[in-house]
Amino acid sequence: MTSPALTNASLMNRRAAVVPRGIGNAHPVFTDHAENAELWDVEGKRYIDFCAGIAVVNTGHNHPEIVGAVSRQLEKFSHTCFQVAAYECYVALAERLAQLAPGSAPKKAMFMTTGAEANENAVKIARAYTGRAGIIAFNGAFHGRTMFALAMTGKVVPYKTGFGPLPADVYHAPYPSAYHGVSVDDAIEGIEKLFKNDVDPQRIGAIFVEPVQGEGGYVPGTAEFFQRLRALCDTHGILLVADEIQTGIGRTGKLFAMEHFGVTPDLITLAKGLGGGMPISAVVGRADIMDAIPPGGLGSTYAGHPLACASALAVLDVIEKEGLCQRSIAIGESLRASFRDMAGSLKCIGDVRGLGAMTAIELVDPVTGAPSADLANKLKAEAFNRGLLLLTCGSYGNVIRVMVPLTIPDSVLREGVAIIETVLHDLMAKG
């Protein structure tokens, strides 16, 4: 008997029956297959992918070198648990990241499965090394959905609603954003006010910061901000932790976004682009800090899975061989030039910003200039209808973030940008 043909609608109905509603879907589509910067749904429709699995497949969907590396590892074994019977690809990846990460001090690396796990473990390492419990993060930050990572996340809806009480000893300061009127002085003063009003700096073990805020609206930091943050940490004996889960592995035009600012963090957390589609995350940092926890204090059953380590090593090879950091810079320059041209005739584009390929447009009411989540959602929905996948972000949900694979052909990039422009003009014409 022939099985009925799969459709997006039938699969969404099945999904609704068995998957909890707390797991959202940005688009009502089920993927059949994908290649580079395009994917096709179960009904055969093609989509240009400006999401890249939320900045994961920097090297494109199904890159042959990555597929080959995973296949070769799978032929050997799929799992032993590194803490039970170790394997060379874990060590090779740790060696590679320790050598590539910014800073001249000896470094070590450990692996987990998700970005939230990386941040949770960075907190454990920072607390063990400093003997201090307190953590400072920033308004608008996103550090994950597990409980301590969630406490550091600087956005309530939908991430924190209904989940309290959250872990204590977490404090938030303003993140600088010229467009939103928050200066570097404001951000540093915000931390100093915490020290004056809320917590003794001698109780703070680490400051967690994204080089470019992701969920917060693709807001890049500046060299001045990070240099002053580094100096503040040094003054008070606080560790500086760079959350590079979204910015790392070429997304901003450098392998590590912190390289743009001439500042060396004590710890770096990575995930997303590191695995090229396989689930892996990392904490990389100064060897003396990383060694603060005794044997058994770190690890997890699937942490540093051999298939994911093999994939990550191939990702780093592809980034280097194909010049994807340079490609990221070129993509970002092209995107921002196109969006700034659009802004000349589309008053709904309030701001264009980014670093490397990590680029966004902030959408506003063309009359009042107020943030317009409604317009952003309409753009996302209509772009989907025309074959382009987009995602929103920002504290007000009014920012469109572009997360193309760094391997995207110029022709496909232009095609996607043209859809955005056409849809925005159509929406403005409708009022």
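A residue counts as buried when its relative accessible area is under 20%, and as exposed when that area is over 50%. The exercises below apply this and a few other rules to a predicted model.

**Exercise 1. Decide whether F111, Y90 and A308 are buried or exposed.**

Solution. Begin with F111, which has a relative accessibility of 1% and therefore counts as buried. Next take Y90, whose relative accessible area is 11%, so that Y90 is buried too. Finally, A308 has a relative accessibility of 1%, and for this reason A308 counts as buried. For the whole protein chain, buried residues make up 55% of the 431 residues.

**Exercise 2. Describe the surroundings of A308, starting from the helix in which A308 is found.**

Solution. The first step is to place A308 in the secondary structure, where A308 belongs to helix α10, made of residues 306–321. The second step is to list the contacts: leaving aside residues up to four places away in sequence, A308 touches M278, P279 and I280. The third step looks further along the chain, to Y90, which is 218 residues apart from A308 in sequence while the two C-alpha atoms are separated by 9.1 Å.

**Exercise 3. Classify the aromatic pair of Y47 and F384, and say where its two members lie.**

Solution. A pair of aromatic rings is described by two quantities, the distance of the centres and the angle of the planes. For Y47 and F384 the centres are 5.2 Å apart and the planes stand at 10°; since planes under 30 degrees apart count as stacked, this pair is stacked. Turning to position, Y47 is in strand β3 (residues 46–49) and F384 in helix α12 (residues 373–385), so the pair links distant parts of the chain, 337 residues apart. Both Y47 and F384 are buried. One further neighbour can be added, namely K45, which lies over the face of F384 at 5.9 Å from the ring centre.

**Exercise 4. Classify the pair of Y90 and F111, and find the cluster to which these residues belong.**

Solution. Here the rings are 4.8 Å apart from centre to centre, with 80° between the planes, and the pair is edge-to-face. Y90 lies in helix α4 (residues 88–100) and F111 in strand β4 (residues 107–112), so the pair ties together parts that are 21 residues apart in sequence. Both residues are members of one aromatic cluster, formed by F77, F82, Y87, Y90 and F111.

**Exercise 5. Work out the order of the open sheet of 4 strands, its edges and the helix that packs on it.**

Solution. Strands of a sheet pair through backbone hydrogen bonds, in either a parallel or an antiparallel manner. In this sheet the order is β13-β14-β17-β16, and the pairing is antiparallel. The edge strands are β13 (349–355) and β16 (391–393), each of which pairs on one side only. Neighbouring strands of the sheet are turned by 30° against each other on average, with direction ignored. To examine one pairing in detail, take β16 and β17 (residues 399–402), which run antiparallel and are joined by 3 bridges; within this pairing, C393 stands opposite V399 in β17. Last comes helix α11 (residues 324–343), which packs on the sheet by touching β13, β14 (358–363) and β17, and whose direction makes about 170° with that of β13.

Notes: Residues numbered from 1 in each chain as written. Predicted model: local features only at pLDDT ≥ 70, side-chain atom pairs only at ≥ 80, totals over all residues. Heavy atoms only, no water. Buried < 20%, exposed > 50% of the residue type's maximum accessible area, 1.4 Å probe, protein only. Contact = heavy atoms within 4.5 Å. Pairing = 2+ DSSP bridges. Axes fitted to C-alpha atoms, helices over the stretch in contact; angles between N-to-C directions. Phe/Tyr/Trp six-rings, centres within 6.5 Å; stacked < 30°, edge-to-face > 60°. Lys NZ or Arg CZ within 6 Å of the ring centre and 35° of its normal.
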